[in-house]
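Here's a quick tour of a strand-rich corner of a protein model. Have the viewer open and follow along.

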Amino acid sequence: MRGLVKGAVAVALGMMLSAPAVRAQGAEFALGGGLGIPLGSFDDASKMGWHGLAAVSFVPNGSPVGIQFDGQYQQYKVDGTGDLKNRLLIGTGNIVYKFKTSEESRFRPYLIGGGGVYNLKTTGNVTPGTLFEGGVTKF
């Protein structure tokens with residue numbers, strides 16, 4: 001897991017360092033993260049967690065329509081005994097329409113829509129020495 005985190009950080013840093021050169025060619029990068037607050041029935045079994053996001057979008061020069069790909073990692077501790085965790089991996093592909101605004105404007109509205117793959121996996125020890133692992137992937 002530590003190797004995965006180090007690899008993700010290295011890729012993110014590389015993206016940030018190369019972003020000015022690539023943006024001139026119509027690509028934009030985004031990184032995000034924060035606290036994850038479970039809602040609805042997911043809140044019945046999970047505690048507050050955290051999430052991270054990386055995205056890249058390509059909008060050709062002179063065109064308001066482009067594409068965006070993003071990925072998310074989310075992790076929540078399961079309520080109750082043991083050290084169970086719910087982990088979500090999400091990948092989406094989208095069509096983006098960016099409304100024309102002035103270059104000086106900080107307000108740049110857009111519409112986005114698409115589809116993705118969602119994977120939920122629960123892992124950890126129910127009791128010491130008893131490993132639990134189960135998951136599901138949906139489109």
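Two strands pair if DSSP finds at least two bridges between them. Strands themselves are DSSP runs of E with at least two residues, numbered from the N terminus. Keep in mind that this is a predicted model, where local features need pLDDT of at least 70, side-chain atom pairs count only at pLDDT 80 or more, and totals for chains, interfaces and linings use all residues. Residues are numbered from 1 along each chain as its sequence is written, and side-chain values use heavy atoms, with hydrogens and water left out.

Let's start with the pairing. β2 and β3 run antiparallel, joined by 11 bridges, and Ser57 sits opposite Gln68 in β3. These two strands make a hairpin with 6 residues between them, and Gly62 in that turn has a positive phi of about 85°. On to the next pair: β3 and β4 are antiparallel too, with 13 bridges between them. There, Lys77 stands opposite Lys85 in β4.

Now for who is covered and who isn't. Buried means under 20% relative accessible area, exposed means over 50%, and partly exposed is in between (1.4 Å probe, protein chains only).

| Residue | Location | Relative accessible area | Class |
|---|---|---|---|
| Pro38 | loop between β1 and β2 | 7% | buried |
| Ser57 | strand β2 | 5% | buried |
| Val65 | strand β3 | 40% | partly exposed |

What does Pro38 touch, leaving aside its neighbours within four places in sequence? With contact meaning heavy atoms within 4.5 Å, the list is Asp43, Ser46, Lys47, Met48 and Tyr76. Met48 is 10 residues away from Pro38 along the chain, yet their C-alpha atoms are separated by 6.2 Å. Ser57, with its neighbours within four places likewise set aside, is in contact with Gly26, Ala27, Glu28, Ile67, Gln68 and Lys98.

Finally, the greasy bit. Phe58, Val65, Ile67, Phe69, Ile95, Tyr97, Phe99 and Leu111 make a nonpolar surface patch of about 720 Å². Patch members have over 30% relative accessible area and no salt bridge; nonpolar side chains (Val, Leu, Ile, Met, Phe, Trp, Tyr) are joined within 5 Å, like charges within 9 Å. A salt bridge is a side-chain nitrogen of Lys or Arg within 4 Å of a carboxyl oxygen of Asp or Glu, and the areas come from the Shrake-Rupley method with a 1.4 Å probe. β3 (65–78) and β4 (85–98) each supply at least two of the patch residues, and β3 gives the most, with 3. In a regular strand the side chains alternate between the two faces of the sheet.

How values were computed
Helix = DSSP H or I, 4+ residues; strand = E, 2+ residues; numbered from the N terminus.
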